[in-house]
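Please look over the sequence and the model below. The report that follows goes from the overall make-up to individual residues.

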Amino acid sequence: MRFNKLDLNLLVALDVLLIEASISRAAERLHMSQSAMSNALARLRDYFDDELLVQVGRRMELTPRAEVLKDTVRDVLLRIDSSVAAKPEFVPAKSDREFRIFVSDFTLATLIPHVLARAHAQGPDIRFSLLPQVLEPTRSLDRAEVDMVVMPSEYCSASHPTEDLFSERFQCVLWRDSRLAQGDLNLERYVAAGHVLTLPPATNASSLEDGLFKRHGLERRIDVTSFSFACAPALVVGTERVATIHSRLARQAARHLPIVVREVPVALGEMRQAMQWHRYRTRDPGIEWLRRVFHDAVRDMDAADSVLLGG
């Protein structure tokens, strides 16, 4: 099929070439030989009258024209995929589709087990690739490299649909035998203590709770930084330190660690956890099903949390 003398099949090759900036990796992704991919690149160079990929030292780089084409080509292919190639229905019991989802380890530890249980009950062959948050998760969503991103709503992109999933507040965890755990944890003792801070992996930004503290003009002494929200409670054991973490994680950890949970002595407000998917896939039956599964899983999570609280 051709459009303005361009073989549209070449757009798929161009998309992967611009993503990988490598003939060999692009050929591997499309299950083509390197010679066939080289031939496709030659035809693309001829059509666009541009080198597109140039050798710089030991690697290839995109030309300015290729940089301009990169997002445009991806957008065209996404529109085709969402409007032409997408299946008109999604039957979970008959599907082996894989969903790629960016999640934090907080979400992985609290909500995702309920998502997987719900999904398995409806479609046991459906697969999930749960990926760690990256520097710009919404950038990967823009390119439809993932099906969904789950993160605080204030970090979501304005370019794609968003649905709130649940709210979460923060609490403090302390080693049960620490001096800090004895008596009230007032603001003075809290600020004077050493803190365990979680910074999301592969980012240069501060954590959400650290940003909330800075809005109050409070500075804490950070003794330990970690990439894992779920492991933060274990890092205070045997120390006089405090970790300020999500309440659901604090309650989970208190079941098996020698820690106590205290209220944060400053009003931090709540975090809204949300899910986001590509705007072109809003009517994808598989994504519609996955969104329903997430909402049902939130109810399951809250019911289990209520039991944990003794309610």
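## Cysteines

This is a predicted model. C172 is buried, at 0% relative accessibility. C156 is buried as well, with a relative accessible area of 17%. That value is under the 20% cut-off for buried. The count of disulfides is 0, where a pair would need its cysteine sulfur atoms within 2.5 Å.

## Overall make-up

The protein chain has 311 residues, and 46% of them count as buried. Its secondary structure consists of 11 helices and 14 strands.

How do the contacts spread along the sequence? Take those in the protein chain between residues at least 6 apart in sequence. Of these, 75% join residues at least 24 apart.

## Helix α1 and the residue after it

Helix α1 covers residues 9–20. With 12 residues at 1.5 Å a residue, the helix should span 16 Å. The end C-alpha atoms are 18 Å apart, which agrees. The expected span uses one less than the number of residues.

Is α1 enclosed or open? Here 9 of the 12 residues are buried, so the helix is largely enclosed by the rest of the structure. The buried set includes the leucines L10, L11, L14, L17 and L18. A13 and V16 are in the set too. So are the acidic residues D15 and E20.

Just after α1 comes A21, with a positive phi of about 50°. A21 lies in the loop between α1 and α2, the latter being residues 23–29. A21 is buried, and its relative accessible area is 19%. That value falls under the 20% cut-off.

## A second positive phi

Most residues other than glycine have a negative phi. L52 has a positive one, near 65°. A21, with phi near 50°, is likewise a residue other than glycine with a positive value.

Where does L52 sit? L52 is in the loop between α3 (34–48) and β3 (53–56). L52 is buried, with a relative accessible area of 0%.

## M32 in the α2–α3 loop

M32 is placed in the loop between α2 and α3. This residue is partly exposed, at a relative accessible area of 31%. Leaving out residues up to four places away in sequence, M32 touches A27 and M37.

M32 can also be placed relative to α1. Its C-alpha atom is 9.8 Å from that of A13. The two residues are 19 residues apart along the chain. A13 is one of the buried residues of α1.

## Aromatic pairs and a charge over a ring

The structure holds 6 aromatic pairs. One of them joins F99 and F128. Their ring centres are 6.0 Å apart, and the planes make an angle of 35°. The pair is tilted. F99 belongs to strand β5 (residues 98–103) and F128 to strand β6 (residues 127–132), so the pair ties together parts that are 29 residues apart in sequence.

Burial of the two partners can be stated separately. F99 is buried, with a relative accessible area of 0%. F128 is partly exposed, at 21% relative accessibility. Ring pairs link both of these residues with F90 and W289 into a cluster.

Another ring meets a charge. The charged end of R279 sits over the ring of Y280. The distance to the ring centre is 4.9 Å.

## S178 and its surroundings

S178 lies in the loop between β9 (170–175) and α8 (187–192). S178 is buried, at 0% relative accessibility.

What does the side chain of S178 reach? It reaches the backbone oxygen of W175, at 2.8 Å. Setting aside neighbours within four places in sequence, S178 is in contact with T239 and E240.

## Helix α10

Helix α10 runs over residues 247–254. Of its 8 residues, 6 are buried, so α10 is largely enclosed by the rest of the structure. Two arginines, R248 and R251, are among the buried residues. The others are S247, L249, A250 and A253.

Definitions and conventions:
Residues are numbered from 1 along each chain as its sequence is written. This is a predicted model: local features need pLDDT of at least 70, side-chain atom pairs count only at pLDDT 80 or more; totals for chains, interfaces and linings use all residues. Side-chain values use heavy atoms; hydrogens and water are left out. Buried means under 20% relative accessible area, exposed over 50%, partly exposed in between (1.4 Å probe, protein chains only). Helices (H or I, at least four residues) and strands (E, at least two) are DSSP runs, numbered from the N terminus. A polar contact is a pair of N or O atoms within 3.5 Å; within protein, one must be able to donate a hydrogen and the other to accept it, and residues adjacent in sequence count only if both atoms are side-chain atoms. Contact means heavy atoms within 4.5 Å. Rings of Phe, Tyr and Trp (its six-membered ring) pair if their centres lie within 6.5 Å; planes under 30 degrees apart count as stacked, over 60 as edge-to-face and the rest as tilted. A charge sits over a ring if NZ of Lys or CZ of Arg is within 6 Å of the ring centre and within 35 degrees of the ring normal.
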